Amino acid sequence: MDTIQSFKGYGKVDPLEEQAFKRKTRKRLIILGISLIVLVLLIIGVVVGTLVRNNKSNEEVPSTPASSVAAIKSVCSVTRYQESCFTSLSSMDSSNGTDPEKIFQFSLKVVKDSLEKLSSFPDEWTNRTNDPRVKEALKVCKVVLDEAVEYLNDSISSMNVNDREKLISVPKIDDLKTWLSTTITDQETCLDALGEANATILEDVKLLMKNSTEYASNSLAIVTKLMGILGDLGLPIHRKLLGAPDSGFPGWFPAGDRRLLQEEQPKPDVTVAKDGGDVKTIKEAVAKIPKKSKTRFVIYIKAGEYVENVILDKSLWNVMIYGDGKTTTIISGSLNFIDGTPTFSTATFAAAGKGFIARDIGFKNTAGASKHQAVALRSGSDMSVFYRCLFDGFQDTLYAHSNRQFYRECDVSGTIDFIFGNSAVVFQKCNITPRQPLPNQFVTITAQGKKDPNQNSGISIQRCTMGPLDNLTAPTYLGRPWKDFSTTVIMETVIGGFLRPEGWISWVSNVDPPSSIFYAEYQNSGPGSGVANRVKWAGYKPTLTPAQASKYTVQSFIEGASWLPDANVSSVFIPIRFLNTTSVDPSMASDYSGTPVTLDTINPKVLNCEYAVRGEIVTLAQNLQQELKENPGSRTFDEILYCNIGNPQSLGQQPITFFREVLALCDHPAILDRAETQGLFSADSIERAFQILDQIPGRATGAYSHSQGIKGLRDTIASGIEARDGYPADSNDIFLTDGASPAVHMMMQLLIRSEKDGILCPIPQYPLYSASITLHGGTLVPYYLDEATGWGLEISELKNQLEAAKSKGISVRALAVINPGNPTGQVLSESNQREIVEFCKKEKLVLLADEVYQENIYVPDKQFHSFKKVSRTMGYGEKDISIVSFQSVSKGYYGECGKRGGYMEITGFSPEVREQIYKMASVNLCSNISGQILASLVMSPPKVGDESYESYFAEKDAILSSLARRAKTLEAALNSLEGVTCNRAEGAMYLFPRIELPKKAIEAAKAANTAPDGFYASRLLDATGIVVVPGSGFRQVPGTWHFRCTILPQEDRIPAIVTRLTEFHKGFMDEFRD
């Protein structure tokens, strides 16, 4: 049968394929019916012909001994131990013998019975030995075998469902696979403990366990086969790919627990404090935990080092412990193998009860490297979470023993196998720090212990950082396979230069591990991430496809969608507020002197970043607006006119009716089926809404989309580009973004590696470019536009600035061109564009083409040409030049700034680099759906013959014609002012006049500790309420002064603005005249 295999790149299921697949699957499931027995029988392939007949006739067919034998053989055919499977199941009642559900339930009972018989042997055999190590090992066997029986009970209980509950559901099968996997792990742990004690009874115990281990393996194989067939049926087993928001916390983590992690100090049930709390030791607090509690029990452990060994056994459910910080609250112990304790029992802290949470606590084992195995933390807790914790030790620091576990923003250090075990575990955004071992030892970060191919266990390390804790000189490896089916995947992780090139090492020296292991790496970075010289094992994969890698994410590998939220961790646990810090009351500074974040401790790149468009002038304007609200009539003006930013609708521009009709229908699809809708909305807007909604899975405009944007909308945009340019466009080149700004940031992040990387930017420039270059740690390489030639872009200037940058050791990566210009308003000629393309091709520069004002052309002798079109007319193809075109719905005649829609079209990038761009897009999940829809509408508006065409064209023409008139009026007014010159407004939404300021004004600005044009702009605001942006915020030729003013106030307001500006300017010049 078909399955959803169209996992594109890094982030999401392709929406169109998913929708088509769902329609097909829905039809199949209707045909198959919902009869549980029929579905199960289909799944494991028992008596298929009989089942089909029974399904059609709905008649009961009595079981016979022969049919029972056939059914059991069919079920057992999927197991590793078919003989023991058939033998153990043959004793079941033949009346139930053809029902796979009953067969599976009986198989669980067989396992349970065998384990219960086995669980008594540790006590019996303890009395037969005098070896203290063997006695301790048998204690381990007693613990894990008792736990195995409990997990079998859980498995059997989960099969008892009510009439409304489905047995065959992904969460139930996830649970069954996990618990059966743990049952096998528990038995293997007993054998490991006896093995490291050199117990002579080891072979006898293996023989004793033969039945129970084989029976558990058989039950696991049956349920795994069930899982596999569900996958073939296309049911959503792996729900998400790698683009989940930072992959988030698993879905099995309840909302109430998320709030606990979010709270600064959750209300504790018990407080532990060395100097006096409810109790003084953690063991005392543990004694107060109720057995098998279904509600969360919270223990707060205050700062201090607590030297004690703590065990939370399997009966202690839903416990949360939190401290005052992972280096402040420490639980410390020193039990170790050399001194006679089995590895399993050396744990300073052990958690076995389900639903355990630890936050802001350190776990240490201080035994040291010479004591060999010494565990800091052991977890066998199913659905356990460790957040901002420290695990510090040497050999075997962190024992992720069994079940499903998740570690986020933790620190783990050690020497040999310091992350080990056989749980299904994901480490995300953790710091993993190998340290120097004993002389002649090597370091291995991981040792995974998967024993059975059907176990759902393994180690996944995602988006972590690996670097040495100390002066690490010993040979260091990512890990070594501990068992025959060991599984470890490291992806998107920064790996330092400490690592040996081969990356991994065998458990037995010079003996390759079996081909049944699965070891892999995916899109890691850093000096140690190269895979060219990695091991050549049959079971090692130096790279994976995105779909393969997706199986090891939080959502897929540990069934995260069912137990932790599909949410970005930073948004869940670190609420972010954007504060206006341009004007801070100095008196408030001392109030925060004790906080950890100050201007001295934040990222200096943030301090160095400036964004003049929303800077100090805007803060002053907002204060002034508040003053007008509180004291009407206190000024000669009654409103603030924001001419500082291209925000058309804030100044009265009306949205395009067709665009808003389609958006409204898409956001509320239910009204499409109402009769009155036909009279309220145009026919083509209704039709377009249907077309768009059909491209969105479930018609859910509030859901995530593909990280590049909805495929159908990208197709529409590509068609629009092709119609505009006359050259082909590929929807796979389109990345839909929340406006153009995120796309610019994305490209800067891609291109800038250090301060030695430079980006050629026009001066004057839009502050987005300087800000993003600063934030990403690069260097802005300026090239000056020639004001005397209408802000012309001279190739000679580009060459001079490029050579100057090279002489300083700067590697110039790209050229940014804004056309039409911002803040300068010029439109490049096609001949000039050809020169620019040739320059970029010759110098191997990426051409960053900011083309968001392509609709805003106001003069008849200029027209817009995209740089891609120009390059294609020159004969340059995909592999000749790299071009990124930015477009936005915020500008043009549409002015939908608040909808945050836009895209970038990338051409001339290799598939490998494109994959990295896609990864960056996936980090942000996706752009908003309304913005995506608007971007498609902008590139595919109504056409001649559509019902909306005439009104659409009239609205568009009215806006653009009015903008042209406003530009001309303001241009003339500015040129009439003393000492002001303003170039022709050819396009965009701005004028950038030059102002010759009197010497006294410049001196006054200096005394006020501000730039002269900033001084002028603040005085203009205070006198008129008009907000403009000082030219110094855009950079300019030294010694010149400018300001940027939008042309966006409504046309009937322009005369008043001109009057206010003229009167102010005259008074200003008179006041400061030399």
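Two strands are said to pair if DSSP finds at least two bridges between them. Strands themselves are DSSP runs of type E with at least two residues, while helices are runs of type H or I with at least four residues, and both are numbered from the N terminus. Residues are numbered from 1 along each chain as its sequence is written. The model is predicted, so local features need pLDDT of at least 70, side-chain atom pairs count only at pLDDT 80 or more, and totals for chains, interfaces and linings use all residues; side-chain values use heavy atoms, with hydrogens and water left out.

The sheets offer a suitable starting point. Strands of a sheet pair through backbone hydrogen bonds, either parallel or antiparallel. In this structure, one open sheet consists of eleven strands in the order 1-2-5-8-11-14-17-20-23-25-26, and its pairing is parallel. Strand 1 (270-272) and strand 26 (540-541) each have a single partner strand, so they stand at the edges and one side of each is left without a neighbour in the sheet. Strand 1 is joined to strand 2 (residues 297-301) by three bridges in the parallel sense, and Thr271 stands opposite Tyr300 in strand 2.

A further open sheet has eight strands, ordered 3-6-9-12-15-18-21-24, again with parallel pairing. Its edge strands are strand 3 (304-307) and strand 24 (494-495), each of which pairs on one side only. At the strand 24 end, two bridges connect that strand in parallel to strand 21 (residues 465-466), and Met466 has Ile495 as its bridge partner.

Strand 15 (residues 411-414) shows what surrounds a strand of this sheet. Three parallel bridges link strand 15 to strand 12 (residues 390-392), where Phe391 is the bridge partner of Val412. Four parallel bridges link strand 15 to strand 18 (residues 431-434), and Ser413 stands opposite Thr433 there. Both faces of strand 15 are covered, because Asp411 and Ser413 on one side and Val412 and Gly414 on the other are all buried. With a 1.4 Å probe and protein chains only, buried means under 20% relative accessible area, exposed means over 50%, and partly exposed lies in between.

The next residue to locate is Asp417, which the UniProt annotation "active site" covers in an unreviewed entry. UniProt positions are given in the numbering used here, feature names are shortened, and annotations may be inferred rather than shown by experiment. Asp417 belongs to strand 16 (residues 416-421). Its relative accessible area is 5%, so Asp417 is buried. Leaving aside residues up to four places away in sequence, Asp417 touches Asp396, Thr444, Ile445, Thr446, Ala447, Arg480 and Trp507, where contact means heavy atoms within 4.5 Å.

Empty space inside the model can also be examined. Rolling a probe the size of a water molecule over the atoms shows where empty space is left. On a 1 Å grid over the protein atoms alone, a cavity is a set of points where a 1.4 Å probe fits but cannot get out, and lining residues have an atom within 4 Å of a point. Grid points are joined across faces, edges and corners, and a volume is the space filled by probe spheres set on the points. The count comes to nine cavities of 30 Å³ or more. The second largest cavity holds about 80 Å³ of space, and its lining includes Thr185, Glu188, His401, Asn422 and Trp482. Helix 9 (residues 170-196) gives the most to this lining, with four residues.

Several backbone details complete the picture. Asn403 has a positive phi of about 70 degrees although it is not a glycine; Asn403 lies in the loop between strand 13 (398-400) and strand 14 (404-408). Asn403 counts as buried because its relative accessibility is 3%. Gln523, likewise not a glycine, has a positive phi of about 50 degrees and sits in the loop between strand 25 (518-522) and strand 26. A cis peptide bond with omega of about 0 degrees joins Ile763 and Pro764, and Pro764 is found in the loop between strand 29 (757-763) and helix 24 (767-775). Another cis peptide bond, with omega of about 15 degrees, joins Asn822 and Pro823.

Notes:
1 Å grid on protein atoms, 1.4 Å probe; cavity = no way out; pocket = protein on both sides within 12 Å on 5 of 7 lines; lining within 4 Å.
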